[in-house]
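Biologist: I should like to request a close look at a single part of this model, followed by a connected account of its surroundings.

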Amino acid sequence: MLMCCGRRIALVGAALACHGSALGVIQTVELGYQIRYQQTGATTPPVLQNYAFFSQLTSDNEFDALQAFVRPTASTAFPQRELIDLDGGLTYEFVSGTYATESAVRTDFPAGNYQFSVAGGTLGNRSANFSGPTTLLWPTLVPRFLSGTYTTITAGVRSYDPITLTFNSATLPAGATLATTSLEVRDASGFTVYSASLPNTATSVVIPANDLDAGNEHTVELRFEAVVNFPGAGFVGGSGMHRFRRSTTCTLITLPPCQADFNGLDGVDLFDLFDYLNAWFSSSPAANMDTFSSISTTDLFIFLNLWFARC
Ligand SMILES: [Ca+2]
Ligand SMILES: [Ca+2]
C-alpha cells in the first residue's frame, strides 16, 4: 500500500509539471469484471449466477458539475454510460446490469478500447482511451467451499464451536500485481457477522466460536480479486488497471440454541456445568429439564447428557 501511495504521488507530481498548473488529475481508470457463483451442495459444482461489468475513474480533485462517461469507441450503437459519483467527485463508477453468459457481456462490452470522457469541473473536456482486456475469464478454478463435507457441515454447524471452511485456492491472471482473497459471512438480515482478509494461498478459514447466531441462516461469500496494472491510461498522469472479481456464496445454517449452554455465554463450557450444578443444588426452577417441575436426579442426568454431548 505504501508503494502504491508513493507511486500515485509521483504520478500527480509528474502531471502537475506537465500542465504547469494545479488542475485536477485523473489518477486511475479501471475496467473490471465480476462473476458470481452459488454453491448448493457438496457434489454439484457451483452454479453461475451472473456476470457483471464495471468501470471506475478516480481523480485527485473534487469536480464541479462534472459528468463522466465510459463507452466502447468501437461501437457506435452502444450508448455511453454515465459514471455515478460515489463520493463527491473523487470516484466515479459504473456497474452494469447482470448477465447470464459471458457472450452476453461481450455483446454490450466488447474487448478493445474504451473511451472515458469528462465534462465540466476542473477536469472538463477531457477524454482518453483505455484498452479493455481481451480475455474475460481468468484461468482459475471456481471458488468452492467445503469440498466433500459441505452437506454435513451445513446440517450441523454449532455457532458455539469454531467453524472451519475449506475451499479451492485462486490461480491469478497473468501479470496480476495485486490480489486479495476475502471471506464474509452475513446473517439473515444481511448484516456482516464475520469477515476476514486471507492470503491468496489460503484454502481454509476458521470462523471463531460465537461469531454466528445460533439457529440462524447465514450467507458465506468467498471472493477472489486480482488487479493487472497498465501504465498507459490515456490521461496524463493517470494509471489504468483491469480488475477481476470472482465470488462464490453458500448457505450456512447454525443449530438452534443449546440447553447445555446453560448461562447463554460462550457456547458450552465448564462454566455451564458449574452454573447448572449451583442451580440444581439450590433447586432453582432453571434446573428443570423434564416435564416434572420438581428438581430431581432425572433433571441432573438429562443436563449431564446434553453437556457431554455438547447438545
Ligand atoms: Ca455457556
Ligand atoms: Ca424436573
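Which residues coordinate the calcium ion (ligand 2)?

Modeller: The model is a predicted one, in which local features need pLDDT of at least 70, side-chain atom pairs count only at pLDDT 80 or more, and totals for chains, interfaces and linings use all residues. Residues are numbered from 1 along each chain as its sequence is written, chains are lettered from A and ligands numbered from 1 in the order in which they are written, and side-chain values use heavy atoms, with hydrogens and water left out.

The calcium ion (ligand 2) is coordinated by Asn-288 (OD1), Asp-290 (OD), Phe-292 (O), Ser-294 (O) and, through two OD entries, Asp-299, at 2.2 to 2.6 Å. Donors here are N, O and S atoms within 2.8 Å of the metal, or 3.2 Å for Na, K and Ca; water is not among the atoms, so sites may look incomplete. Along the chain, these donors follow the spacing N-x1-D-x1-F-x1-S-x4-D. The angles among the six donor atoms run from 52 to 160 degrees, and the site is irregular. That word applies to anything outside the following limits: four donors are tetrahedral if all angles lie between 85 and 135 degrees, while four are square planar and six octahedral if opposite donors are over 155 degrees apart and all others between 65 and 115. For comparison, the ideal angles for six octahedral donors are 90 or 180 degrees. Of the coordinating residues, Phe-292 is exposed, with a relative accessible area of 58%; exposed means over 50%, buried under 20% and partly exposed in between, with a 1.4 Å probe and protein chains only.

Helix α5 (297-309) is packed against by the buried residues of α4, where contact means heavy atoms within 4.5 Å. Helices (H or I, at least four residues) and strands (E, at least two) are DSSP runs, numbered from the N terminus. Helix α4 (residues 270-281) has twelve residues and spans 17 Å from its first C-alpha to its last, close to the 16 Å expected at 1.5 Å a residue; the expected span is 1.5 Å times one less than the number of residues. Its buried residues are Asp-272, Leu-273, Tyr-276, Ala-279 and Trp-280. They cover an arc of only 130 degrees around the axis, which puts them on the same side of α4; the arc is that of the directions from the helix axis to the C-beta atoms. On the other side of α4, Phe-271, Asn-278 and Phe-281 are exposed.
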